[in-house]
Amino acid sequence: MDDQTRIELEAAAFRRLRQHLMEDRPEVQNIDLMNLAGFCRNCLSRWYQEAANERGIEMSKDEGREIFYGMPYDDWKASQQTEASPEKQAAFEVAFKENVLKE
């Protein structure tokens, strides 16, 4: 497979993952994704932002989130996120340290 085809397939897979998380399964909470998989929608938006910055495209965290979420993050959070239990919050602290802070 040539590099251009690989890049196009990877981009298509990313778009499909975003669609799945944002349109097909918006009820799945970020905290549950982080606790189970070690990443969430915010991680994906941050990776997008970091990729842009590495290529000389200035993008803030909020801009990356708005691109990924398709709206300001606070709007998505208000309409989709629910309050997490103390147990989920404690598990998140561990998952965040293990998966995000180590990067």
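Biologist: Before anything else, how do the residues lining the second largest pocket divide into nonpolar, polar and charged?

Modeller: In this predicted model, the lining of the second largest pocket has five nonpolar, six polar and four charged residues. Here Ala, Val, Leu, Ile, Met, Phe, Trp, Tyr, Cys and Pro count as nonpolar, Asp, Glu, Lys and Arg as charged, and the others, Gly among them, as polar.

Biologist: And how much space lies in that second largest pocket?

Modeller: The second largest pocket holds about 310 Å³ of space, and among the 15 residues that line it, Asn30, Ile31, Gln81, Thr82 and Ala84 are the closest to its centre. A pocket is an open set of 1 Å grid points where a 1.4 Å probe fits, with protein on both sides within 12 Å along at least five of seven lines, and its lining residues have an atom within 4 Å of a point.

Biologist: Which elements give two or more residues to that lining?

Modeller: For the second largest pocket, those elements are α2 (30-37), α5 (73-80) and α6 (86-101); helices are DSSP runs (H or I, at least four residues).

Biologist: What about the largest pocket, what is its volume?

Modeller: The largest pocket has a volume of about 450 Å³, a figure for the space filled by probe spheres set on the points. Its lining consists of 13 residues, with Ala11, Phe14, Tyr48, Ala51 and Arg55 nearest the centre, and the elements that give two or more residues are α1 (3-24), α3 (41-54) and α4 (61-69).

Biologist: Which helix gives the largest share, and what classes of residue are there?

Modeller: The largest share of this lining, six residues, belongs to α1, while by class the lining of the largest pocket has nine nonpolar, no polar and four charged residues.

Biologist: Switching topic, at what angle do α2 and α6 pack?

Modeller: The angle between α2 and α6 is about 55°, and their axes are 8 Å apart, which means that α2 is oblique to α6.

Biologist: Which residues make that contact?

Modeller: From α2 come Ile31, Asp32, Met34 and Asn35, and from α6 come Lys88, Gln89, Ala91, Phe92, Ala95, Phe96, Asn99 and Val100. By class, the contact of α2 with α6 has seven nonpolar, three polar and two charged residues.

Biologist: Stepping back, how many helices and strands does the chain have?

Modeller: The chain has six helices and zero strands, and its C-alpha trace spans about 50 × 30 × 30 Å along the principal axes.

Terms used. Residues are numbered from 1 along each chain as its sequence is written. This is a predicted model: local features need pLDDT of at least 70, side-chain atom pairs count only at pLDDT 80 or more; totals for chains, interfaces and linings use all residues. Side-chain values use heavy atoms; hydrogens and water are left out. Axes are lines fitted to C-alpha atoms, for helices over the stretch in contact, and angles run from 0 to 180 degrees between N-to-C directions. Angles under 35 degrees count as roughly parallel, over 145 as roughly antiparallel, 65 to 115 as roughly perpendicular and the rest as oblique. Contact means heavy atoms within 4.5 Å.
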